[in-house]
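Visitor: I would like a close look at a single part of this model, with the cut-offs stated as you go.

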Amino acid sequence: MRAQPLVIAALSLAALTACTAAPQQLPGQASPVGAWASAAASASGPASTIPTSKPTLSPSVAASTSSPSASASPVTGASTIRKTDWANATVKNLSFCGVSGATTRFRNGSNGYDIPCLMLPHAAKPVYAEFLTEEPANAPATEDALVLVELGNPDAARQQALVPIQLAPDGRALQAGPAIKGDVPSPAGDKVMTFTSYRVDEVKRHVFATVRTGDGRSEVRRYRQACAWGCWERF
């Protein structure tokens, strides 16, 4: 008779442990620092959410928190691009940050210029998906990345963009495609559009983003490629 209460207590403890266990992060699923992506985002595709509160860290420190270990759980057979140290990445053709065709080198999340270009600012995360048009002859099908980049100083006019990045034909270098640019800021820099979350639909190769406009409104925007390489358009 004494054994029955012990069995019931053991089963209750097991059930409680199962209910309180931390959720498992799905491969390729980006989530905000210190939080898990919602089940809805997981079902509809990889998503990245940028914390809405004002960051207390400097842009370079905040960007450095988006290391490969923070962006995704270790995945067996993970693509090469997932191993990228984005805070210290070297990216070709990132024209949003400067001259078209130039190579942009990031160190601690910044290119180091007086008007800096920041990689994954405000603890943003990369999103991984196979969504860029690729030619099998020189760029075998593989995962691509969508990253948030910000141009300008935090206390002045600045602009954000979602930049698609893929591996170059050599399978090692990173090259950027045409950026999905946010709205141009007001001349005084007091009204800035920011991306608060973004995800990729791998089937339709569309990008969905939630933005906060310069006047404070929140809205969802959809983008698709209008030509073979880039040429993003809002629809």
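Visitor: How many helices and strands are there in the protein? After that, please stay with strand β6: which strands pair with β6, and is E150 buried or exposed?

Guide: The protein has 4 helices and 13 strands, both being DSSP runs numbered from the N terminus (helices H or I, at least four residues; strands E, at least two). The model is predicted, with local features requiring pLDDT of at least 70 and side-chain atom pairs pLDDT 80 or more, while totals for chains, interfaces and linings use all residues. Residue numbers start from 1 along each chain as its sequence is written, and side-chain values use heavy atoms, without hydrogens or water.

Strand β6 covers residues 144–151, and 7 of its 8 residues are buried, so the rest of the structure largely encloses the strand. Buried here is under 20% relative accessible area, exposed is over 50%, and partly exposed lies in between (1.4 Å probe, protein chains only). Across the 235 residues of the protein, the buried share is 44%.

Three strands pair with β6, where pairing requires at least two DSSP bridges. With β7 (residues 159–167), β6 forms 7 bridges in the antiparallel sense; L146 has P164 as its bridge partner there. Strand β5 (residues 127–129) is also antiparallel to β6, through 3 bridges, and its A129 stands opposite D144. Strand β4 (residues 117–119) likewise runs antiparallel to β6 over 3 bridges, with M119 bridged to V149.

E150 belongs to β6. This residue counts as buried because its relative accessible area is 1%. The E150 side chain makes a polar contact of 3.4 Å with the side chain of H122. Such a contact is a pair of N or O atoms within 3.5 Å; within protein, one must be able to donate a hydrogen and the other to accept it, and residues adjacent in sequence count only if both atoms are side-chain atoms. Beyond its neighbours within four places in sequence, E150 is in contact (heavy atoms within 4.5 Å) with residues including C117 and L118, and β4 spans residues 117–119. Q159 and Q160 are also among the contacts of E150, and β7 spans residues 159–167. Further contacts of E150 include F96, P116, P121 and R158.

For the wider setting, consider contacts in the protein between residues at least 6 apart in sequence: 48% of them join residues at least 24 apart. Elsewhere, 5 strands form an open antiparallel sheet in the order β1-β10-β11-β12-β13.
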